[in-house]
Amino acid sequence: MGKKLVMAQRRGETRALCLGAAMVVCAVITYYILGTTVLPLYQKSVWTQESTCHLIETNIRDQQELEGKKVAQYPCLWVNVSAVGRWAVLYHTEDTRDQNQQCSYIPGSLDNYQMARADVEKVRDKFHEHQVFYCFSTTQENETSVLYRRLYGPQTLLFSLFWPTFLLTGGLLIIAMVKINQSLSILAAQK
């Protein structure tokens, strides 16, 4: 009976060590992937200065062409704000600015024109409700655009690093507990 128990413990310890090692390896791979994808985007982001924006004007433009997509026309929102003592164009995110510099907000679903138009009108109404809001600007003097929301901010970086850190910590704890259990069983056997 005692020999079967020892063999079962060894198999369980081996499986637990393999689980802990696999968790550590997965965490290291995830850190590498995040280090080559998310971290460079965070470091390249120039939108670091948080500012207060005051709404000046909003305008819905009906016929816009989106680069890279086969959408004939779609409505988009154009927003002018006053930020850091100058006039600026507000863009929803960095990607909005890259897709079409003539639009501050591009609706998510462009398949149905009426739904896209309703989405743009809803966003415009929210801007009119809250005419003073926080935005992100760059420290460059000649830049005339600001962002409503950063895609690659510190919160995104921390959220991206949370799960791999949790995985790494869990794997190391499993390995440590198995090693402590093995050393305690050796000490108990010697007495």
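A salt bridge is a side-chain nitrogen of Lys or Arg within 4 Å of a carboxyl oxygen of Asp or Glu. The exercises below concern a predicted model.

**Exercise 1. Salt bridges**

Task: Determine how many salt bridges the rule gives, and describe where the partners lie.

Solution:
- Step 1. Applying this rule yields a count of 1 salt bridge.
- Step 2. The side chains that meet in it belong to Glu 121 and Arg 117, with an N to O distance of 2.9 Å. This value satisfies the cut-off of within 4 Å.
- Step 3. Helix α3 (residues 113-129) holds both Glu 121 and Arg 117; they are 4 residues apart, about one turn of the helix.
- Step 4. Buried means under 20% relative accessible area, exposed means over 50%, and partly exposed is in between. Glu 121 has a relative accessible area of 28%, so Glu 121 is partly exposed. Arg 117 is partly exposed because its relative accessible area is 22%.

**Exercise 2. A nonpolar surface patch**

Task: State which residues make the nonpolar surface patch, and classify Val 25 as buried, partly exposed or exposed.

Solution:
- Step 1. The patch is made by Val 25, Ile 29, Tyr 32 and Ile 33, and its area is about 420 Å².
- Step 2. Val 25 is located in helix α1 (residues 2-44).
- Step 3. The relative accessibility of Val 25 is 47%, so Val 25 counts as partly exposed.

**Exercise 3. Elements and overall form**

Task: List the order of the elements in the protein, and explain why the protein is described as more spread out than a compact globule.

Solution:
- Step 1. The protein contains 4 helices and 5 strands. Read from the N terminus, their order is α-β-β-β-α-α-β-β-α.
- Step 2. For 191 residues the globule rule gives 16 Å, whereas the radius of gyration of the protein is 27 Å; this is well over the rule, and therefore the protein is more spread out than a compact globule.
- Step 3. The C-alpha trace spans about 80 × 40 × 30 Å along its principal axes.

**Exercise 4. Domains, burial and contacts**

Task: Give the division of the protein into domains, and state what share of its residues is buried.

Solution:
- Step 1. Domain 1 comprises 10-40 + 155-185, and domain 2 comprises 49-62 + 71-151.
- Step 2. The C-alpha centres of domain 1 and domain 2 are 41 Å apart.
- Step 3. Of the 191 residues in the protein, 32% are buried.
- Step 4. The protein exposes about 12,700 Å², of which carbon and sulfur atoms supply 59%.
- Step 5. Among contacts between residues at least 6 apart in sequence, 72% join residues at least 24 apart.

Technical notes:
Residues numbered from 1 in each chain as written. Predicted model: local features only at pLDDT ≥ 70, side-chain atom pairs only at ≥ 80, totals over all residues. Heavy atoms only, no water. Patch = residues over 30% accessible without salt bridge, like charges linked within 9 Å, V, L, I, M, F, W, Y side chains within 5 Å. Areas by Shrake-Rupley, 256 points an atom, 1.4 Å probe, with all protein chains shown as cover. Helix = DSSP H or I, 4+ residues; strand = E, 2+ residues; numbered from the N terminus. Buried < 20%, exposed > 50% of the residue type's maximum accessible area, 1.4 Å probe, protein only. Domains from an automatic or database assignment. Rg over C-alpha atoms; globule rule 2.2 N^0.38 Å. Contact = heavy atoms within 4.5 Å.
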